[in-house]
Amino acid sequence: MACVLETPLRMSVLSEVTASSRHYVDRLFDPDPQNVLQGVIDMKNAVIGNNKQKANLIVLGAVPRLLYLLQQETSSTELKTECAVVLGSLAMGTENNVKSLLDCHIIPALLQGLLSPDLKFIEACLRCLRTIFTSPVTPEELLYTDATVIPHLMALLSRSRYTQEYICQIFSHCCKLRHWHSCGFKSSPQPLLCANGPDHQTVLFNHGAVQNIAHLLTSTSYKVRMQALKCFAVLAFENPQVSLTLVNVLVDGELLPQIFVKMLQRDKPIEMQLTSAKCLTYMCRAGAIRTDDTCIVLKTLPCLARMCSKERLLEERVDGAETLAYLIEADIELQRIASITDHLIAMLADYFKYPSSVSAITDIKRLDHDLKHAHELRQAAFKLYAALGANDEDIRKKIIETENMMDRIVNGLSESSIKVRLAAVRCLHSLSRSVQQLRTSFQDHAVWKPLMKVLQNAPDEILVVASSTLCNLLLEFSPSKEPILESGAIELLCSLTQSDNLALRVNGVWALMNMAFQAEQKIKADILRGLSTEQLFQLLSDSDVNVLMKTLGLLRNLLSTRPHIDQIISTHGKQIMQAVTLILEGEHNVEVKEQTLCILANIADGTTAKELIMTNDDILQKIKYYMSHSNAKLQLAAMFCVSNLIWNEEEGSQDRQDKLRDIGIVDILHKLSQSSDPNLCDKAKTALQQYLA
């Protein structure tokens, strides 16, 4: 019987709960406007801090009625304002509450309310809009649907300190970038968005955001100053146009960068210091402030390093480390300065110690807080280590010598959080640029094993960095090269070359190129088998020059040492010569054509392979053409082909010399022997000596 009674009991409890809330909704339909107003005020008092009551009222249909009253011309301004306040309170509940409000088309109704002449009502609408737009479930595009909204919000900025605070907060949450860098290191905490039409930064900038918000930095209200500062951070991020404008803006006779520097002084609130440092960081990265400017070297960088210390809150340490990583990422001098600032490298090791065993025992709330931020801390530390070690060998050595560093990276590669895994791979990639570490720490910890595991079914953004790291581990001096080969890397890399993602295609070919360097015949045969002739020539016709250059590099490495050259040409010669012809005839840059001629020179160095050139009059004419080219690099590469063909110690050299003389090669060599370019002159004289011997 208990099972039968369970559902009715639950239903009766729900009925009681909703019944206790229903009278609030019923009063919204009272014919007396005064009773309706009092009902809304009572509803406001009932929902404050009570998420259950908020959910009940939404279920009972309060939202459509409140929106109806808010938009009715017959409603008093006081009633409209109270409706906006209640809707704002409902929005402060759960994300599901916000979704319900959005489903009722609350945003157009509130935006319409901003046209009212009444300031209190405008402020209530803006406060509710602020709450809705700062929710992660609200699409930012809803702010930009109507082209009249942004200019109207700009006009409302002057009405009161509340309109200033709320509008700036709405702008800073609804300003997203259109693009995402799938390759390359991005540490910024700013979210990125792909959208159609002009990006949000451009829309706000074109409607005078800089001029309208700049003077708010001197407001007497701290909240207004902070929201204005956050606005400038999102406007300047990766935006040279905005950043170059900001450096020249004057507020009360002071340039904006000077105001930002004042705001990151130690006596200012931490939130203000951090946000000012972000503004200066983003302006610097966008090219508006030099990396050696004192406001960066002596103010911004030390401020961000300070944010990484144990004294700061965990969320501040995350923000500080990520922003510092972004600041120094592209500048070797800033990396060196940061590495010796406030014992930063050692200080970051502390980021891996959360949650601590002490917090687990003494304080459940502290444990929950630490757990929440533990992933973010590790991610931030890996990002900053990656940026610090991007260029300098001594810094890399210090990072790797930090307590348990390699173990932490290896553990990071298998973390459940995709963001931590990505940051760990970035860190590994940065450290893998060190020849010494590839030979020592990387080998001692067998990092290739977890790296190969990461490469299985990972998202593209992780695959890009992991495959870049694999390229370094496959360099000829790396002890990891052999075990990686034995673990089935060729098949994996060949599959990457077929990816739609350009960076993955480049990395796949690059890694194969490194793998083929001075490799055994079997490995080369496995690469050719794994790629297939069709895919190899697909890569040689790729529209991206990086893919083409790496594929030519791969071919050049495959066609090295005579037995290998002869073997590969015997099976793939016809297709290779066809590809070479197409490239030499095509509209390619000097580097591509030089690499192609070097491949021909390698073929010419084969024992039997050189006959493929000698029997191809079209190729011989192309070699002759490039010997007389205006570019010395191409002339030199073409002469390497000739030298390998006419070398008189090899069988059949006399016949080859005669044929090349007949087509005018010797005449060109005589001319080049008089060249003012010493390399061309020497190479031509050496070739001519083969005829005299």
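A disulfide is taken here as a pair of cysteine sulfur atoms within 2.5 Å. I begin with that cut-off because the cysteines are my opening topic, and I should add at once that the model before you is a predicted one.

By this rule the count comes to zero disulfides. Let me take two cysteines in turn. Cys 128 is in no disulfide, and its nearest cysteine sulfur, which belongs to Cys 125, is 7.5 Å away. Cys 128 is also buried, since its relative accessible area is 1%. The second case is Cys 598. Which cysteine has the sulfur closest to that of Cys 598? The closest is in Cys 641, at 7.6 Å, and this is too far for a bond. Cys 598 too counts as buried, with a relative accessible area of 14%.

I turn now to the aromatic residues. How many aromatic pairs does the model contain? The count comes to seven. One of them joins Phe 237 and Tyr 326; the ring centres are 5.4 Å apart, the planes make an angle of 45 degrees, and the pair is therefore tilted, as angles from 30 to 60 degrees are classed that way. Phe 237 lies in the loop between helix 13, residues 222–236, and helix 14, residues 240–246, while Tyr 326 belongs to helix 18, residues 314–328, so this pair ties together parts that are 89 residues apart in sequence. Are these two residues buried or exposed? Phe 237 is buried, at a relative accessible area of 3%, and Tyr 326 is buried as well, at 2%.

Tyr 326 has another aromatic partner, Tyr 282. Their ring centres are 5.8 Å apart and their planes stand at 75 degrees, so this pair is edge-to-face. Here again distant parts of the chain are linked: Tyr 282 is in helix 16, residues 270–285, Tyr 326 is in helix 18, and the two are 44 residues apart. Both Tyr 282 and Tyr 326 are buried. Taken together, Phe 237, Tyr 282 and Tyr 326 make up one aromatic cluster.

Charged side chains also meet aromatic rings in this model. Arg 285 lies over the face of Tyr 326, at 4.5 Å from the ring centre. Elsewhere, the charged end of Lys 550 sits over the ring of Trp 510, at 4.3 Å from its centre.

Next, two of the helices. Helix 16, which carries Tyr 282, has 16 residues; at 1.5 Å a residue they should span 22 Å, and the end C-alpha atoms are indeed 22 Å apart, so expectation and model agree. Helix 16 is mostly covered, with 14 of its 16 residues buried. After helix 16 comes Gly 287, whose phi is positive, near 90 degrees.

Helix 10, residues 161–173, passes the same check: its 13 residues should span 18 Å, and its end C-alpha atoms are 18 Å apart, which agrees. How many residues of helix 10 are buried? The number is 10 of its 13, so that this helix too is mostly covered. Among the buried residues are Tyr 166, Ile 167, Cys 168 and Phe 171. What covers the buried residues of helix 10? The covering elements include helix 8, helix 9, helix 11, helix 12 and helix 13.

Helix 12, residues 209–214, contains Gln 211. Gln 211 is exposed, as its relative accessible area is 54%. Gln 211 and Ile 646 are 435 residues apart in sequence, and their C-alpha atoms are 73 Å apart in space.

For contrast, consider Asp 605, in the loop between helix 36, residues 590–604, and helix 37, residues 610–614. Asp 605 counts as partly exposed, because its relative accessibility is 27%. Its C-alpha atom is 6.8 Å from that of Arg 562, although 43 residues separate the two in sequence. Leaving aside residues up to four places away in sequence, Asp 605 touches Arg 562, Lys 610 and Asn 644.

I close with an annotation from a record. In an unreviewed entry, UniProt lists residues 61–97 as "repeat: ARM". In the model, residues 61–97 are 76% helix and 0% strand, and the end C-alpha atoms of the span lie 12 Å apart.

Definitions and conventions. Residues are numbered from 1 along each chain as its sequence is written. This is a predicted model: local features need pLDDT of at least 70, side-chain atom pairs count only at pLDDT 80 or more; totals for chains, interfaces and linings use all residues. Side-chain values use heavy atoms; hydrogens and water are left out. Helices (H or I, at least four residues) and strands (E, at least two) are DSSP runs, numbered from the N terminus. Buried means under 20% relative accessible area, exposed over 50%, partly exposed in between (1.4 Å probe, protein chains only). Rings of Phe, Tyr and Trp (its six-membered ring) pair if their centres lie within 6.5 Å; planes under 30 degrees apart count as stacked, over 60 as edge-to-face and the rest as tilted. A charge sits over a ring if NZ of Lys or CZ of Arg is within 6 Å of the ring centre and within 35 degrees of the ring normal. UniProt positions are given in the numbering used here, feature names are shortened, and annotations may be inferred rather than shown by experiment. The expected span of a helix is 1.5 Å times one less than its number of residues. Contact means heavy atoms within 4.5 Å.
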